[in-house]
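Student: I'm new to this one. Can we go through some of the labels people put on it and see what backs them up?
Tutor: Sure, let's take them one by one.

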Amino acid sequence: MKGSESLLATATAAGIQVCFANPGTTEIPLVEAFDQVPGVRAVLALSEGVVTGAADGYARMTGVPAMTLLHLGPGFANGIANLHNARRARTPMINIIGEHASWHQPADAPLSSDIESLAGPVSGWVGRTTSPASAAAEFAEAYRATLGQRLPATLIAAADHMWSQGGEPAAIPAVPARPAVDDQQIAAIAKLLAGGSGRTALLLGGHALSAEGIRTAARIVATTGGEVLVERSPARIERGPDVPAVRSLPYFPEDVLRSLEGFSHLVLVGARTPVAFFGYRGMPSFPLPNDLSVRTLADTDQDAVEALRALADTTGSAAAEVPSAERPQVQAPEGPLTAASIAAAIVLTQPEHAIVVNEGISSGAAYPAIAAAAPPHTELTNTGGAIGMGMPAATGAAVACPDRAVINFQADGSAAYTVQALWTQAREGLDVTTVICANSRYGILEAELRRAGVAEPGAAAASMTSLAEPAMDWTAVARGFGVPSSRATTGEELLAALRKAHAEPGPHLVEAVL
């Protein structure tokens, strides 16, 4: 076998089914190998940011890593923003980066670069192939690393190691389970909850936001008192009639401080201590009330769901009724569109078990506020703040779950970063409905200007937040990439457009004009 063929054979044996790709000359041996070794579906994207974001969305939905295939250091660099988000989401994926033939690397050809320096900040593991015979084993090491650390892993594959004979498939290594939480730690948190020393909030994050994790946490606080809270930007959260509605921490630090007032203890369950997105003058980096103590039940690496089960047993909560909260009443939107009416239209029309990828940015908070009224669904959000994840993540989620409708609640400014994802959706016939919140501005930057005391920005500042000159025609953009599209300016029009999109196969885009 060639090195490329042994690598793909090992990937297939490991259960990897999809490779999102934007290859170049150095990756041709791997491109050829997809015809020789069946089992891994190749999905082409026109931009590396779509490649990496799609792999993120795919793995968030399956728990199984996708591969990416990227062209040398510059191609990888184009995908780094969504790898940053994937790292924050603790997403397993394996990036295969083509590299010049080993004997050509000292020549410093035009596309030569320090790939390790690019890959290190967004990878939990970085390695290089050393020969055709070892390439498969080195891939297997990347596979074990990405699932063991739940971070992207990056393997730099020299072209001659891929095209040369001598490859041998490697054994698939065992993947370690998540570390368990120590019994003493569970006992300590149980004692805290039973101690009567003030109100406690359980802050859930990561995989604790599964349906079981949320239900178990709700049982605990129903028995011991307190409240269940959710980290600001979860990688994945499950919602539905049988999942208690939970409150998310807000975006701005002063709002986080207010939301945590009245609690004496904050217990982290698969979540980090809340941190402000940015350093604001006069605001702390960690927006916590001075009298709030922070304790950890399970860190981001540990098995948070099992820790919640054990805590429920210890506190006598395991058999408690899951509290039922009154679901919000959502009215059909009428008249000119707002962020709230767009969210309402999505909630009222989304199919059961939909996947909602929320990159609404300035409009994004409108959806979680009423999402408890929707049928059972999964929401994915932007964990790392690097914009341009919504369209790619929706693409990957649709590849992962072809039997589920995907709805991309998408800001127009961030959509422009990775709009090429529409082409992949059309090419693959993916069931993605993209709702563009078209306010023709970077709304979050306008809000930040106001927070900085700039009530009336000058011409230069205003020009850097406006997308209106010229305004983007999203219906034309979508059609150019092969995606049917429509425009809505009222609630009535948006409801009709969404119902039509959900009733027809394949991708659709609706430009919702604010």
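Tutor: Start with a cut-off: a residue is called buried under 20% relative accessible area, exposed over 50%, and partly exposed in between. Keep in mind that this is a predicted model.

Student: Okay, so why is Ser 440 called partly exposed?
Tutor: Its relative accessible area is 23%. That value falls between the 20% and 50% cut-offs, so Ser 440 counts as partly exposed. You'll find Ser 440 in the loop between β16 (432–438) and α18 (443–451).

Student: What is noted about the phi of Ser 440?
Tutor: Phi is near 55° there, a positive value in a residue other than glycine. Asp 108 also has phi near 55°, again positive and again not in a glycine.

Student: Where is Asp 108, then? And what makes it buried or exposed?
Tutor: Asp 108 sits in the loop between β4 (93–99) and α6 (115–119). Its relative accessible area is 59%, and the label exposed needs over 50%, so Asp 108 is exposed.

Student: How do you know whether Val 40 is buried or exposed?
Tutor: Try the cut-offs again: Val 40 has a relative accessible area of 9%, which is under 20%, so it is buried. Val 40 belongs to the loop between α2 and β2 (41–44).

Student: Which residues are in contact with Val 40, leaving aside neighbours within four places in sequence?
Tutor: They are Leu 8, Ala 11, Thr 12, Ile 16, Gln 17, Val 18, Cys 19 and Phe 34.

Student: Why are α1 and α2 called oblique to each other?
Tutor: Helix α1 (residues 3–13) and helix α2 (residues 28–36) pack at about 55°, with axes 9 Å apart. Roughly parallel would need an angle under 35 degrees and roughly perpendicular 65 to 115, so about 55° leaves the pair oblique. The crossing of α1 and α2 is right-handed.

Student: Which residues make that contact?
Tutor: From α1 there are Ser 4, Glu 5, Leu 7 and Leu 8, and from α2 Pro 29, Leu 30, Ala 33, Phe 34 and Gln 36. By class, that gives 6 nonpolar, 2 polar and 1 charged residues.

Student: One last thing: what kind of peptide bond joins Glu 469 and Pro 470?
Tutor: A cis one, with omega about 0°. Pro 470 lies in the loop between α19 (459–463) and α20 (474–480).

Methods:
Residues numbered from 1 in each chain as written. Predicted model: local features only at pLDDT ≥ 70, side-chain atom pairs only at ≥ 80, totals over all residues. Heavy atoms only, no water. Axes fitted to C-alpha atoms, helices over the stretch in contact; angles between N-to-C directions. Helix = DSSP H or I, 4+ residues; strand = E, 2+ residues; numbered from the N terminus. Parallel < 35°, antiparallel > 145°, perpendicular 65-115°, else oblique. Left-handed = near helix turned anticlockwise from the far one by under 90°. Contact = heavy atoms within 4.5 Å. Nonpolar A, V, L, I, M, F, W, Y, C, P; charged D, E, K, R; others polar. Buried < 20%, exposed > 50% of the residue type's maximum accessible area, 1.4 Å probe, protein only.
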